[in-house]
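Have the model open in your viewer and your selection tool ready. We will go from one stop to the next, and at each one you will hear what to pick and what you should find there.

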Amino acid sequence: HFYKRNIFIRNTTMAMILLPIINSTTRKTIRTIYSSVWHLTSKIHSTSICESSVKKPENKIKQKKQKKVQAVCPIMESEEHKAIQKELGRDTPLDIFVSHILAMDILVNKVALDTNVTVFRGNLQLIGRADLPKDLDPELKVGRYSVRDNEIILENWSHLKNQTSKKLQLDEKDAIKAIFEDTNKDQGLKKNIIGYFLSQGLPDARLATEVFQRAKILLFAKKGDYSPEEDQVIIQFVEKEGNKWAALAKRLERSSTSSVKRRYELLTTDYKGGQFTAGEDEIILSEVFNANKNILMDKNITTEDWKRIGNKLGRNQQYVQQHWVHCLEPRLTRHQSGTLHRDVRKVLIDHLLQHNMLFAQDVDWKELAKLPKFAGATSQYLQKKWDSMRTRTREKYPELSEDKLTTEEIHRWYNNSKRNSTQKKDEYYEDLIAFYLANIKQEAGDKKHV
């Protein structure tokens, strides 16, 4: 309050200096006014006044939006669960798990419980937003699981298995099969109850049916390179059953049908491998712009076009398409934006750190690519850069677990790594840009003037 009183003291002093030249009636009025103001200000706490009158400097870094506190309620608040509890048997693993969870009456997310939809998946495919009601509450998150989310789900599964081990009398492998290999579509609500248990501790509100399917994928799905035995299964299956990729993925315990399909194509087609040559890149540019001269704007090109281009190069169409999306297209768009030679990696790391985005799941890559600082960079290009840096970080610091491979660690890797010369790569892409300007963009400009 010192500053506020000091202002009034100075003003009062000035008034007293002028008092002799003011008549007596006016002097009395002034004294009364200043005396009243002095007593008033001495009784008022001025902190809020000062805060409102002094404009705070704006925080230039946009902080991550605080998450809304999740509303929870007992799982037995659901009438469906009360009915299930009355009808439960004690002879099947599923009933033993469900009975245990309902008896605990755990707290669950209220929005998820109010929705409580079931989606049956007989395979290892993710449940997407398209599989769920269109009017799904926006508070419910779908997909985009972080490393920590996966760990929480698996930890909860371990707790549930340990808590029921005496009644269940099954080992880990048999318990997993009994719960997650059950193909009975009528058991959806019971499986949701397990999903609620597995959801405990997740930072976002999620549907129980989706969490159950996520656990199934985490516990079953194989990752990494295909084994010779798997290759043999793929060939024999397609010969007998045809192109039933979802069924084949399920048999192989793989979560991606497209991965299985690509593997079959690689096994049965003599595709060229290795790095793309300058001549191949020029062919890709020419063919892509022949298919759609506005490809950099609308991104539209058909699967048939990619197949045709792949056949022309003797390469797998998927690899050709990925080479365009992750390499060639970003070079052209960054050239147009004047950012071709800017090291986007440091800009990306700094931005993610400033906004507390530690994992890829925290980032909306499409929105990120719209920011002026990333002019010319596509969302796929930015995510590919992040993935590449994360891989390099894992190689440099192999002691880090998956949940510790954050943007902060990538930043540490970037600061401690040597910058190799990019002269040859820059020259290569400068030649490719020159080809684009002379043979594609110039040609398009000439046609406009015809």
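Start with Ile75, Trp157 and Ile194: these residues have the most contacts inside the largest nonpolar core, a set of 49 residues. Keep in mind as you look that this is a predicted model. To see where the core comes from, colour the helices that give two or more residues to it: H5 (93–104), H6 (110–115), H7 (147–163), H9 (172–180), H10 (188–199) and H11 (208–220). Such a cluster fits a broad trend, since nonpolar side chains tend to be buried together in soluble globular proteins.

Now zoom in on Ile75 and show its surroundings. Beyond its neighbours within four places in sequence, Ile75 is in contact with His81, Ile101, Leu102, Asp105, Ile106, Val108, Leu113, Ile193 and Tyr196. Apart from the 49-residue core there is another one, of 24 residues; to find it, select Leu285, Phe289, Leu313 and Val320, which are among its members.

Next, select helix H4 (residues 79–87) together with H10. Their axes are 11 Å apart and the helices pack at an angle of about 110°, so H4 and H10 count as roughly perpendicular to each other. Show side chains for Glu80, His81 and Ile84 on H4, and for Leu189, Lys190, Ile193 and Tyr196 on H10, as these make the contact. By type, the contact residues are four nonpolar, one polar and two charged.

For a second helix pair, go to H19 (residues 344–354) and H22 (residues 407–416). Here the packing angle is about 145° and the axes lie 10 Å apart, with H19 passing H22 in a left-handed crossing. On the H19 side, pick Arg345, Lys346, Ile349, Asp350, Leu352 and Leu353; they meet Thr407, Glu408, Ile410, His411, Trp413 and Tyr414 in H22. This contact of H19 with H22 comprises six nonpolar, two polar and four charged residues.

Two threonines in loops finish the tour. Is Thr406, in the loop between H21 and H22, buried or exposed? Its relative accessibility is 9%, so Thr406 counts as buried. Leaving out residues up to four places away in sequence, Thr406 touches Leu358 and Phe359. Try a distance label too: the C-alpha atoms of Thr406 and Val147 are 10.0 Å apart, although 259 residues separate them in sequence.

Last, select Thr378, in the loop between H20 (365–369) and H21 (379–396). Thr378 also counts as buried, because its relative accessibility is 8%. With residues up to four places away in sequence not counted, Thr378 touches Lys299, Val325, Glu329, Pro330, Thr333 and Ala369.

Notes
Residues are numbered from 1 along each chain as its sequence is written. This is a predicted model: local features need pLDDT of at least 70, side-chain atom pairs count only at pLDDT 80 or more; totals for chains, interfaces and linings use all residues. Side-chain values use heavy atoms; hydrogens and water are left out. Axes are lines fitted to C-alpha atoms, for helices over the stretch in contact, and angles run from 0 to 180 degrees between N-to-C directions. Helices (H or I, at least four residues) and strands (E, at least two) are DSSP runs, numbered from the N terminus. A crossing is left-handed if the near helix is turned anticlockwise from the far one by less than a right angle, and right-handed if clockwise. Contact means heavy atoms within 4.5 Å. Ala, Val, Leu, Ile, Met, Phe, Trp, Tyr, Cys and Pro count as nonpolar, Asp, Glu, Lys and Arg as charged, and the others, Gly among them, as polar. A nonpolar core is a set of buried Ala, Val, Leu, Ile, Met, Phe, Trp, Tyr and Cys residues joined through side-chain atoms within 4.5 Å. Buried means under 20% relative accessible area, exposed over 50%, partly exposed in between (1.4 Å probe, protein chains only). Angles under 35 degrees count as roughly parallel, over 145 as roughly antiparallel, 65 to 115 as roughly perpendicular and the rest as oblique.
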